[in-house]
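Grab a pencil and work through these exercises with the model open beside you. Each one sets a task and then walks through a solution.

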Amino acid sequence: IAAGGYHSCAISTAGGVLCWGTNSEGQIGIGNFSYSQPPVEVAGLSSGVVGISLGYAHSCALLEDGSVSCWGDNEGGQLGDGTTTMSTSPVSVLGLSTRAAAISCGGSHSCVVLETGGMECWGGNLRGEIGDGTQTDRLTPVDVIGLSSGVEDAATGPAHTCALLDTGGIQCWGNNFGGQLGDGSTIDRVSPVSVEGLSSRAVKIISGQHYTCAL
């Protein structure tokens, strides 16, 4: 199960996706803008889904073949289909360099961990949350600087992103208003910086509005 800004989704035992809640940007994926209180099936995703993540007003599903489909708001390019056109039903993310193994959606950006251990992101990049060294929105996936291998998991906040490495370390980038990048500053970063002061290996991470936590 996953929760977004004002909508929620779940993967069914059949491998399909069901969503409910606000649908002003098409984020529950039913082909129209009608809100729904009970869960409704996402158009075209009745099976084969192994992961799901929700942003503020968009949603993405990881499929068993390693591809990714997204739907909803696309103002920053967070659907990854090469456009900024919102979609009320799933569209395929274009240009992934290889199969995705995990997915995480932020406020208006999306990221995947690849099977190779690399990381790619796309979408809104006002605070550097894509991690490609710029603040330019990206309509299709781009590599995160310095993370071509060794990434085990990712966590995205509204405008920042963190990667859990196979060493047990964590690197973060993007908005740092509350110090959520953990580098001892409140300076935004457009590429990954290491989280300081972890007393032992991290095994899981999660990001919120202006904070990040590790287990």
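Two strands count as paired if DSSP finds at least two bridges between them. Keep in mind that this is a predicted model.

**Exercise 1. Get a feel for the whole chain: work out which secondary structure it has, and check its radius of gyration against a compact globule.**

Step 1. Start with the secondary structure: the protein chain has 0 helices and 18 strands.

Step 2. Now the overall dimensions. Along the principal axes, the C-alpha atoms fill a box of roughly 45 × 30 × 30 Å.

Step 3. Compare with the globule rule. For 215 residues, a compact globule would have a radius of gyration near 17 Å, and the chain comes out at 16 Å, which agrees.

Step 4. Look at burial and contacts. Buried residues account for 52% of the 215. Of the contacts with a separation of 6 or more, 45% join residues 24 or more positions apart.

Step 5. Finish with the surface: about 9100 Å² is exposed, and carbon and sulfur atoms supply 51% of that.

**Exercise 2. Lay out the sheet that contains β15 and β16, and find the residue opposite Arg 189.**

Step 1. Write down the strand order. This open sheet runs β13-β14-β15-β16, 4 strands with antiparallel pairing.

Step 2. Mark the edges: β13 (151–156) and β16 (189–194) each pair on one side only. From one strand to the next, the twist averages 20 degrees.

Step 3. Zoom in on one pairing. β15 (residues 170–174) meets β16 in the antiparallel sense over 3 bridges.

Step 4. Read off the partner: opposite Arg 189 in β16 stands Gly 174.

**Exercise 3. Do the same for the sheet with β5 to β8, and say why one side of each edge strand has no neighbour.**

Step 1. The order here is β5-β6-β7-β8, again an open sheet of 4 strands with antiparallel pairing.

Step 2. β5 and β8 are at the edges with a single partner strand each, so one side of each lacks a neighbour in the sheet. Ignoring direction, neighbouring strands are turned by 20 degrees on average.

Step 3. Inside the sheet, β6 pairs with β7 (residues 68–72) in the antiparallel sense over 5 bridges. One of the bridges joins Leu 62 to Val 68 in β7.

Step 4. Pick a residue in β8 (residues 87–92): Thr 88. At a relative accessible area of 15%, Thr 88 falls under the 20% limit, so it counts as buried. Beyond four places in sequence, Thr 88 contacts Gly 26, Gly 29, Ile 30, Gly 31, Asn 32 and Phe 33.

**Exercise 4. Trace β9, β10 and β11, and decide whether β10 is enclosed or open.**

Step 1. β9 (residues 100–105) and β10 (residues 109–114) pair in the antiparallel sense over 5 bridges. They make a hairpin with 3 residues between them.

Step 2. Check the register. Cys 105 sits opposite Ser 110 in β10, and Ile 103 has Val 112 as its bridge partner.

Step 3. Follow the chain on. β10 also pairs with β11 (residues 119–123), antiparallel, over 5 bridges, with His 109 bridged to Gly 123. This hairpin has 4 residues between its strands, and Gly 117 in the turn has a positive phi of about 90 degrees.

Step 4. Count burial. In β9, 5 of the 6 residues are buried. In β10 it's 6 of 6, so that strand is largely enclosed by the rest of the structure.

Step 5. Sort the side chains of β10. In a regular strand they alternate between the two faces of the sheet. Here His 109, Cys 111 and Val 113 point one way, Ser 110, Val 112 and Leu 114 the other, and all are buried.

**Exercise 5. Find what Ser 148 touches beyond its sequence neighbours.**

Step 1. Place Ser 148 in the loop between β12 (138–143) and β13. Ser 148 is exposed, at 63% relative accessible area.

Step 2. Leaving out neighbours within four places, its contacts are Thr 116, Gly 117 and Gly 118.

Step 3. Gly 117 is 31 residues away along the chain, yet the two C-alpha atoms are separated by 6.6 Å.

**Exercise 6. Hunt down the aromatic pairs and classify what you find.**

Step 1. A search of the whole structure turns up 1 pair.

Step 2. Tyr 6 and Tyr 56 have ring centres 6.0 Å apart and planes at 80 degrees, making the pair edge-to-face.

Step 3. Locate the partners: Tyr 6 is in the loop between β1 (2–3) and β2 (7–11), and Tyr 56 is in the loop between β5 (49–54) and β6 (58–63), 50 residues apart.

Step 4. Tyr 6 is exposed, with a relative accessible area of 57%.

Definitions and conventions
Residues numbered from 1 in each chain as written. Predicted model: local features only at pLDDT ≥ 70, side-chain atom pairs only at ≥ 80, totals over all residues. Heavy atoms only, no water. Helix = DSSP H or I, 4+ residues; strand = E, 2+ residues; numbered from the N terminus. Axes fitted to C-alpha atoms, helices over the stretch in contact; angles between N-to-C directions. Phe/Tyr/Trp six-rings, centres within 6.5 Å; stacked < 30°, edge-to-face > 60°. Buried < 20%, exposed > 50% of the residue type's maximum accessible area, 1.4 Å probe, protein only. Rg over C-alpha atoms; globule rule 2.2 N^0.38 Å. Contact = heavy atoms within 4.5 Å. Areas by Shrake-Rupley, 256 points an atom, 1.4 Å probe, with all protein chains shown as cover.
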